[in-house]
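Q: Can you walk me through this one? I'll throw short questions at you as we go.

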Amino acid sequence: MYGSVEGNIIGILYFLLFQAIGLIISVRYLKKENIAYCVLMGSVLGSFMISWLPTLCAFFMGFTIKAHITAGVIAVVICVLTLLGTAQYSVEGNAGFLSGRKIKPDIRRFISENLVLILIIPLLVLMMIIIVHHTLSGNDGAMHAGQCTYGDMNMHLGFITSIKEQGTFPPEYSILPGTQLSYPFLSDSISSSVYIWGASLRIAYIFPMFFALLQVFFGMVCVAKEILRKTKRIGAKIILAFSLFFFNGGLGIWYFIHPATADNFNRIFTEFYQTPTNLVDYNVQWHNVICDMLIPQRATLFGWAMLFPVLSLVLKGWHKRNEHKNAPPAKDKKRIGLTAPGTVSSYFVLAGIIAGGLPLIHTHSFLALGVLCVGFVVMGLYDRILKNRLNFSAGKKAVAVIAALIILNCISMAQVSDEPLSDKFLLMIGYGIIAAVGCILVILLVANHKKTKDNKWISEELKSWGLMLVITLIFALPQLINFTFKQAQGEQFIRGAFDWANNNPDVMDNYIIFYLKNIGIVFVMSIIMLIWGKKRQLRMVLPASFLWLICEFILFQPNPYDNNKLLLVAYLFFCIAVSDFTVETLPEKLSGLVKNRGLKVITAIVVGCVATLGTVSAAFTVGREYVSDYELYSADYVKLAEWVEANTDPKDTMLTACNHNNAVAALTGRSIVCGAGTFLYYHGLDYGTQENDVKTMYEDPSARDTLIEKYGVKYMILGDIERGSYAIPDFDDMLGRYPVVFQSGEVYVLKVS
């Protein structure tokens, strides 16, 4: 797990090989985009390829060095074919690598167009400091973690090490042997592909995350740029949107300043998960993107690293098609193919390929992308036939918004009454929302067909959305059928519920209060925007509203908390729209009240208030994460992991406690009889028998040997955690009966077969 200098170098170079290949493909394929965007998409393609190509090879060769060498060769071949295939599409007769591009980019213009860098650079540095400190940092032989990495990181480390050590494909749970891994494991196998070359586990875990963070940050900025592309003061709007999204937090800070005592405030920095964005006892559950999503949730991190850039591709292709900017000269029409570099279709092709690989990277991102794309299609068809119709006055919009809030609030109040709405009824409402949007889509398709004299629009839809859908399904269906649908069975998945995490009867709030305390100023500004905002701001949030409403009535996984992985994607679009409204529209309206005076002052005050109220809770949460430090594995268990790694076979099964911070499972990749229920339950797995058998093997000497044989246990761990978890009646007898092959302090390893 410590690796070697040579292993670190080779593992990093292998990762960078795919980054370089992705950059080459991006520069040649996205020939009409600037270099900065090509660098982003090149990095995304590189991460996508190193996630998928070794995996595909592993299905035939196992997760081995041979499979990785083969994957590298395939990547090089793809790169060469791309260069050859795009040579005919050179710009101005130049077929070189940077055909038609400026070799010296305008740095001053780049900075002026990307003022958000003043936030991205320090935030990236801060997050990397936190990640480095929170990932297996050493202290007197023990390994430490932070508050947010104390939990899920153990599971991810176990996936990374077991995929590399055992080489079985498709991979199995090392914490439930014999069960195929149903988690979207490519977010971890990307680190396994660095680890397999002899890199340290810490480097393998952290290094790909650095690139994923960059992809998430700049992907979000590209989405915002595309949405706000025709507006004024776009730089300020993106900075505000970036702040509101990544420093999301509501009014939870109130619970730490009231009562205003030093002890009450200091508990933010001293107690476990007592932060302004994660205070479950007071129903504050709109957890911070940085501390509760990107750092600990690797699937979300690597999923968004694909999702946000794909959304930017989709929006670029959609806008370019609508603006007809890609129409080639008549003499070139025969030469330029459907998916040629730089055409509108090429954006949808690339988006479809990456989207098709999302289910095993992050299923929630795949689902969010699908729902949003349906919303985009509906908006496009609406624009084609209705254009500027259905414009309502502020009064009518206020009635509609207030009515919707009253209805949602009544549903939330019904859920705490003596006769709450049943889960099946709520699920039907969720399905009804989906059906309603489907009906609208069909109606618009029919209306377009009747209104349009020719069928040119059908060809346009097929060359964009249709092409993306086909490509996505070709790649995604095998994953969905063989992995996702198998996992998402049983009552824990796809069930009705209302208001996702607002479900604890002891602290349950009504709908409006819940979102006011959790989302705060963004919730308030969203309501004001929907009433007094411009039509373009309403358009920004319509697809996201569709996604949000579905998530209010349907849970897609056993843990209700995880619905926020969908809601946060919708929230991104609300942050962008609110920023547009806050920076431009609202100050103009307020300035009009004083005869257009003091616009700059009003803008500064409004933006400052929204930014402060929208980020203050998250700022303290990030501060708490920065100073947090907890022992994850004691020095004795670390020594145990070192011994296991050096002296046992990777496929040996160990008997240990079922604790979540299991050093054997996380650090060595060996299988244990049963891992933590906090991981297995939320994956929809039945682990009750194994968990009970672990208890029996430790506590019942008469049944021990039979169960040891049943599970093929080779070694039994007896340490502080095991003795604290189980009442072992014959501890001393076991030390005499079975050979003690390792001891460090109070941690023993017995060879039992």
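A: Sure. L445 is a place to start: it is partly exposed, with a relative accessible area of 35%. Keep in mind that the model is predicted.

Q: Which helix does L445 lie in?

A: L445 lies in helix 17, residues 423-451.

Q: And what is L445 in contact with, leaving aside its neighbours within four places in sequence?

A: L381 and W457. I385 is 60 residues from L445 along the chain, and their C-alpha atoms are separated by 9.8 Å.

Q: Switching to lysines. Is K565 buried or exposed?

A: K565 counts as buried, at 7% relative accessibility. The cut-off for buried is under 20%. K565 lies in helix 22, residues 564-593.

Q: What does K565 touch, not counting residues up to four places away in sequence?

A: K565 touches M293, Q297, T300, W304, H362 and H364.

Q: What about K589, also in helix 22? How does K589 count by relative accessibility?

A: K589 counts as partly exposed, at 41% relative accessibility. W532 is 57 residues from K589 in sequence, and the two are 9.1 Å apart in space, C-alpha to C-alpha.

Q: Let's zoom out. How many helices and strands are there in the protein?

A: There are 30 helices and 10 strands. The radius of gyration is 27 Å, close to the 27 Å that the globule rule gives for 753 residues, so the protein is as compact as a globular protein of that length.

Q: What box do the C-alpha atoms fill?

A: Roughly 90 × 65 × 50 Å, taken along the principal axes.

Q: How much of the protein counts as buried?

A: 57% of the 753 residues. The accessible surface comes to about 30,900 Å², and 64% of that belongs to carbon and sulfur atoms.

Q: What share of the contacts with a separation of 6 or more comes from residues 24 or more positions apart?

A: 77%.

Q: Now the core. Which residues touch the most other members of the largest nonpolar core?

A: F217, F246, L294, W304, Y633 and L667 do, out of 242 residues in that core. Helix 8, residues 201-227, gives the largest share, with 17 residues.

Q: Which other core lies apart from it?

A: One of 6 residues, among them I253, Y255, F256 and I268.

Q: Back to F246. What is F246 in contact with, leaving aside its neighbours within four places in sequence?

A: L123, V216, F217, M220, N288, V289, I290 and L294. F217 and L294 are also on that list of residues that touch the most other core members.

Q: Any helix with a length check? How far apart are the end C-alpha atoms of helix 24?

A: They are 18 Å apart. Helix 24 has 13 residues, 635-647, which should span 18 Å at 1.5 Å a residue, so the two values agree.

Q: Which residues in helix 24 are buried?

A: Y637, V638, L640, A641, W643 and V644 are buried there. As a rule, an α-helix has 3.6 residues a turn, so residues three or four places apart point the same way.

Q: On to strands. In what order do the 5 strands of the open sheet run?

A: The order is 7-6-8-10-9, and the pairing is mixed. Strand 7 (671-672) and strand 9 (740-744) stand at the edges, each with a single partner strand, so one side of each is left without a neighbour in the sheet.

Q: What about strand 8? How many of its residues are buried?

A: 5 of the 6 residues of strand 8, 713-718, are buried, so the strand is largely enclosed by the rest of the structure.

Q: How do strand 6 and strand 8 run, parallel or antiparallel?

A: Parallel, with 3 bridges joining strand 8 to strand 6, residues 653-655. M654 stands opposite Y715, and T653 has V713 as its bridge partner.

Q: And strand 8 with strand 10, parallel or antiparallel?

A: Antiparallel, over 4 bridges, with strand 10 covering residues 747-751. M716 has L750 as its bridge partner in strand 10.

Q: Last one. What do strand 9 and strand 10 form?

A: A hairpin, with 2 residues between the strands. G745 in the turn has a positive phi of about 65°. The two strands pair in the antiparallel sense over 4 bridges. V740 stands opposite L750 in strand 10.

Technical notes
Residues numbered from 1 in each chain as written. Predicted model: local features only at pLDDT ≥ 70, side-chain atom pairs only at ≥ 80, totals over all residues. Heavy atoms only, no water. Core = buried A, V, L, I, M, F, W, Y, C linked by side-chain atoms within 4.5 Å. Buried < 20%, exposed > 50% of the residue type's maximum accessible area, 1.4 Å probe, protein only. Contact = heavy atoms within 4.5 Å. Pairing = 2+ DSSP bridges. Rg over C-alpha atoms; globule rule 2.2 N^0.38 Å. Areas by Shrake-Rupley, 256 points an atom, 1.4 Å probe, with all protein chains shown as cover. Expected span 1.5 Å × (residues − 1).
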